[in-house]
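Reader: Got a minute to go through this model with me? Show it first.

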Amino acid sequence: MRVAVIDRDRCQPKKCSLECIKYCPPVRNGVEAIVMKDDKPVVSEELCVGCGICVHKCPFNAIHIENLADELESELVHQYGENGFRLFRLPSPAQGKVVGILGENGIGKTTAINILAGKLKPNLGRWDNEPSWDEIIDYWRGSQLANYFKKLSNGEIKISYKPQYVDKLASYKGTVRELLNEMECEGKELDSIKGRKVSQLAGGELQKVAITIAMEKDADIYFFDEPSSYLDIKNRMEMAKKIRELAERKMVIVIEHDLAILDFLADIIHIVYGKKGVYGVVAGAKNVRHGINLYLSGYLKEENVRFGEEIKFEKHPPREKPESMPLIKFEGIKKKFSDFMLEVKGGEIYEGEVIGIVGPNGIGKTTFVKILAGVIEPDEGEVDKKIKVSYKPQYIKASEGIVREAFEKNRDKFHALYEKEVLQPLGIHDLFDKELKSLSGGELQMVAIALCLSMEADVYLIDEPSAYLDAKQRMNAAKVIRRIMEKEGKAAMVVEHDVYFIDMVSQALMVFTGQPGKHGIGMGPYSLREGMNLFLKDLGITFRRDEDSNRPRVNKLGSKLDRMQKEIGEYYYEI
Ligand code: ADP
Ligand code: ADP
Ligand code: SF4
Ligand code: SF4
């Protein structure tokens, strides 16, 4: 089966020489395998011989030709128009279970849940001759989905949907209370922020509001698209518990890229594999542990499909004190704002080190780094020297212009390795011709990370790099951050709430505790194990390592392992 996809945003016939058509062998022989139609080329999948010449000749990477297994042909669920993205198969909602969907960005996850949520009517690939509901129901005859679509098409399934981009809620004009009233939502646990303007809430608070509204709605099936973004670890665990409770009575489907949370949250996983922007295949249901391990292995055994490289987790050695002088030393720092007091004990940061920073929002992490950078003077204590900091903030806003310009503008501030060690491995060149404003959340995040890491600096402060990145992009970003610090002999401080990201990126850990907005205490850097022990003890959560993949897994509260680890004080088990 041949699939030809033309990315209509990338294709720019006015700026190329129509190489795709010019070099196509069938066209040269008078067979119209690819022709212009309404200003854009169109590939005939019947006449195309799949040679792939157009794919390589197109200067904008706008064409994709894939040869897929023939058996998929009868499983096409939806196609976005001629030469458009295709989704094969669907996840199955299950009563009393949390069903997780795991796959990279642009692979069709949202398309799948939009179909199940009744927002998008599946066309079974007949984009030019859309099927009726009867035909759709008939197509799934004999499976649970037939019954599901029958009810859905009759309006007998009530839907609740937590969208991906909670930032959009911030355009609401009124207070949290007014929004909740409008949505007929009580929102008891939001009491402390009800009087505040929605537009002034921080990301984590917006996420909580969105989740509460979705949860309180009376529905049969609940969809949560990336419920963990902007939440700190404690909030993520609370959110996961609530969703699990909800699923005791209802159907729940979740898209989540924080794998430690997904592992804890879901019962069943559907992996979606394929090629970004071209096609996606929803693989059969797997139990959650097996499913995540398969995803990390990059190979689906049952289906015999390789879809990526293996992602490995390593055990962490104790933090070594290098021979070299520390990059920065600090001692007994105190800073008081009108309502907030920060105290950071003494510590040292070495060349080449990546330091994870964990702790809730509003606890003084940014203030601390600003003190290191000399932007803020501490009231007490010392930092041994002024350093230059390159900073990626937590919230990123797209400015005008195209991606290429954003880099060209700053070129004189870049270090020598930016091209090879940052832009290339992060795949930024692929985005160069896009408008910043048209980027997806994940793409914008990648651009912001790349800009930050390209700058010449001593310390890189990267605040929540994982937001909107898929699991693979997270692992890739972690690798790039580590490598550039090693090669340049600089240090990075990474504020993160995704435990897998922390585990992959950091050699050392700083822990911030206290009372958010009132009193923050910063400790460390410690070795990862030591730091995690301190941090997790505070949260009352323990992790063990998975036997097969070596990845950290949350222990069930009160389980034998949980109790044993708490007894011996090993909250983050390395064995
Ligand atoms: P995911 O949720 O996994 O990131 P999506 O389901 O949002 O993926 O999108 C998968 C692909 O489908 C995208 O790469 C895009 O090319 C295509 N797509 C999504 N929505 C539309 C649309 N309305 N029209 C045409 N193509 C679309
Ligand atoms: P985090 O990075 O952990 O989210 P921050 O360092 O940004 O935390 O903020 C910690 C606390 O200090 C917050 O309550 C914030 O409102 C307060 N704060 C930060 N900067 C200032 C300032 N310049 N003046 C007064 N309060 C501030
Ligand atoms: Fe030009 Fe590429 Fe579009 Fe063909 S697909 S018209 S080569 S931009
Ligand atoms: Fe023509 Fe080959 Fe491209 Fe098909 S893959 S449209 S045959 S150049």
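Author: Here are a lysine, a ligand shell and a strand pair.
Author: The model is predicted: local features need pLDDT of at least 70, side-chain atom pairs count only at pLDDT 80 or more, and totals for chains, interfaces and linings use all residues. Residues are numbered from 1 along each chain as its sequence is written, ligands are numbered from 1 in the order in which they are written, and side-chain values use heavy atoms, with hydrogens and water left out.

Reader: Is Lys194 buried or exposed?
Author: Lys194 is buried, at 11% relative accessible area. Buried means under 20%, exposed over 50%, partly exposed in between (1.4 Å probe, protein chains only).

Reader: What lies 3.4 Å from a polar atom of its side chain?
Author: The backbone oxygen of Gly187. A polar contact is a pair of N or O atoms within 3.5 Å; within protein, one must be able to donate a hydrogen and the other to accept it, and residues adjacent in sequence count only if both atoms are side-chain atoms.

Reader: New topic. Which residues are around ligand 4?
Author: Among them are Cys24, Cys48, Cys51 and Cys54. Near means a heavy atom within 4 Å.

Reader: How do Cys51 and Cys54 compare for burial, buried or partly exposed?
Author: Cys51 is partly exposed at 40%, while Cys54 is buried at 11%.

Reader: How many disulfides?
Author: Zero. A disulfide is a pair of cysteine sulfur atoms within 2.5 Å.

Reader: And which residue stands opposite Ile6?
Author: Ile63, in S4.

Methods: Pairing = 2+ DSSP bridges. Helix = DSSP H or I, 4+ residues; strand = E, 2+ residues; numbered from the N terminus.
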